[in-house]
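Here is a short tour of a protein model, written for someone who is new to reading structures. Keep the picture at hand as you go through the text.

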Amino acid sequence: MARLALAYDLYEERLRKQLPQSAIPRHIGVILDGNRRWAKSTGKQASQGHRAGADKISEFLVWAEELGVEVITLWMLSTDNLSRTSEELTELLGIIADAVDHLAMQGKWHLNVVGDLGLLPEDVAARIRASVASTATVRGMKVNVAVGYGGRHEITEAVRAIMREASAQGKNLDEVADCLSDADITAHLYTKDQPDPDLVIRTSGEQRLSGFMIWQSVHSEYYFCEAYWPDFRRVDFLRALRSYAQRERRLGK
């Protein structure tokens, strides 16, 4: 085991040296997938898989911070997840609230909510809001906790906000349609004033976005990793960054 650990350490160091600082993404989105399948594969309950996934988050954020990443978005709960059984959802929401509490208590990262907390039970939403608010003056890496998040829902909410603002200004629907722009929608997304994700990582081997940041990721690079999220290692992260660094980003040009 000691030899294997040493080999991994040496391999990680070699991977790290292959990554020039100019190739480090500013913003990385992560779809934390595979907690339940990890639990099933190890003979554990689904809640234990969710807890193991939550425990992985701080470790991952340290890796990203050490490399100079500016923004991380963690997809922790989708709008689709809200249709799970009440028993599993109650446990999952408690684990997520605990995880956000833990991130805030470390005092290292500036947390933001990306999602609609109005879709959650008020006690859970209040806990998350309080944890996020406690990091308002932290100047560390920005960490978006995507809870109650769905890409379609986000865009719908952005358009609704634009229409409400226009209505308050006395504009009619035709006037709104005539002047609506991409920039208007971008300015009303949960991630307004942040750079779009350069890289999106999804664990568990699934190769789809499932609605994750569908507006912001139009020019993102994608990396799909076979490991379930609780098993995601630093070497997996470095491989994702190496793959990203080797790509030629044309940004539609």
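Let us begin inside one helix. Helix α3 covers residues 46-66, and F60 and W63 sit three residues apart in it, so about one helical turn separates them. An α-helix has 3.6 residues a turn, so residues three or four places apart point the same way. Keep in mind that this is a predicted model, so the values below are computed from predicted positions.

**Aromatic pairs**

How many aromatic pairs does the structure hold? There are twelve aromatic pairs. In one of them, F60 and W63 meet edge-to-face, with 6.2 Å from centre to centre and 80° between the planes. F60 is buried, and W63 is buried as well.

Y149 and Y190 also form an edge-to-face pair, at 6.0 Å centre to centre and with 65° between the planes. This pair links distant parts of the chain: Y149 belongs to strand β4 (residues 142-149), Y190 belongs to the loop between α8 (182-186) and β5 (199-202), and their positions lie 41 residues apart in the numbering. Y149 counts as buried because its relative accessibility is 0%. Y190, with a relative accessible area of 23%, is partly exposed.

F60 and W63 also belong to an aromatic cluster, together with W229, F232 and F237.

**A closer look at F232 and F237**

Where is F232 placed? You will find F232 in the loop between β6 (221-224) and α9 (234-245). F232 is buried, and its relative accessible area is 0%. Not counting residues up to four places away in sequence, F232 touches K56, F60, W63, I201, T203, C225, A227 and F237. F232 and I57 are 175 residues apart in sequence, yet their C-alpha atoms are 10.0 Å apart in space.

F237 has its own set of partners. Leaving aside neighbours within four places in sequence, F237 is in contact with I28, F60, W63, A64, L67, I201 and F232.

**The nonpolar cores**

In soluble globular proteins, nonpolar side chains tend to be buried together. In this model, the largest nonpolar core has 54 residues, and F60, L61, L74, M76 and F237 are those with the most contacts inside it. Helix α4 (residues 86-106) gives the largest share of this core, ten residues. Apart from this core lies another one, of nine residues, including V114, A146, F212 and M213.

**Two helices, α4 and α5**

Helix α4 has 21 residues and reaches 30 Å from its first C-alpha to its last, close to the 30 Å expected at 1.5 Å a residue. Among the buried residues of α4 are L89, L92, I96, V100 and L103. The buried residues of α4 pack against α2 (35-41), α3, β2 (71-78), β3, α5 and β4. Just after α4, G107 takes a positive phi of about 70°.

Helix α5 (residues 122-133) has twelve residues, which should span 16 Å at 1.5 Å a residue; the C-alpha atoms at its ends are 16 Å apart, in agreement. Which residues of α5 are buried? They are V124, A125, I128, S131 and V132. Seen down the axis of α5, the buried residues fall within an arc of 130°, so they line one face of the helix. On the other side of α5, E122, D123 and A133 are exposed. The cover over the buried residues of α5 includes α4, β3 (110-114) and β4.

**Two residues with a positive phi**

S204 and M213 can be set side by side.

| Residue | Phi | Place | Relative accessible area |
|---|---|---|---|
| S204 | about 90° | loop between β5 and β6 | 8%, buried |
| M213 | near 50° | loop between β5 and β6 | 1%, buried |

S204 has this positive phi although it is not a glycine, and M213 is likewise a residue other than glycine.

**Two domains**

Finally, step back to look at the whole chain. The domain assignment gives domain 1 (25-149 + 197-244) and domain 2 (151-189). Their centres, taken over C-alpha atoms, are separated by 28 Å. Where the domains meet, eight residues of domain 1 are in contact with nine residues of domain 2.

Notes
Residues numbered from 1 in each chain as written. Heavy atoms only, no water. Phe/Tyr/Trp six-rings, centres within 6.5 Å; stacked < 30°, edge-to-face > 60°. Helix = DSSP H or I, 4+ residues; strand = E, 2+ residues; numbered from the N terminus. Buried < 20%, exposed > 50% of the residue type's maximum accessible area, 1.4 Å probe, protein only. Core = buried A, V, L, I, M, F, W, Y, C linked by side-chain atoms within 4.5 Å. Contact = heavy atoms within 4.5 Å. Expected span 1.5 Å × (residues − 1). Arc of directions from axis to C-beta. Domains from an automatic or database assignment.
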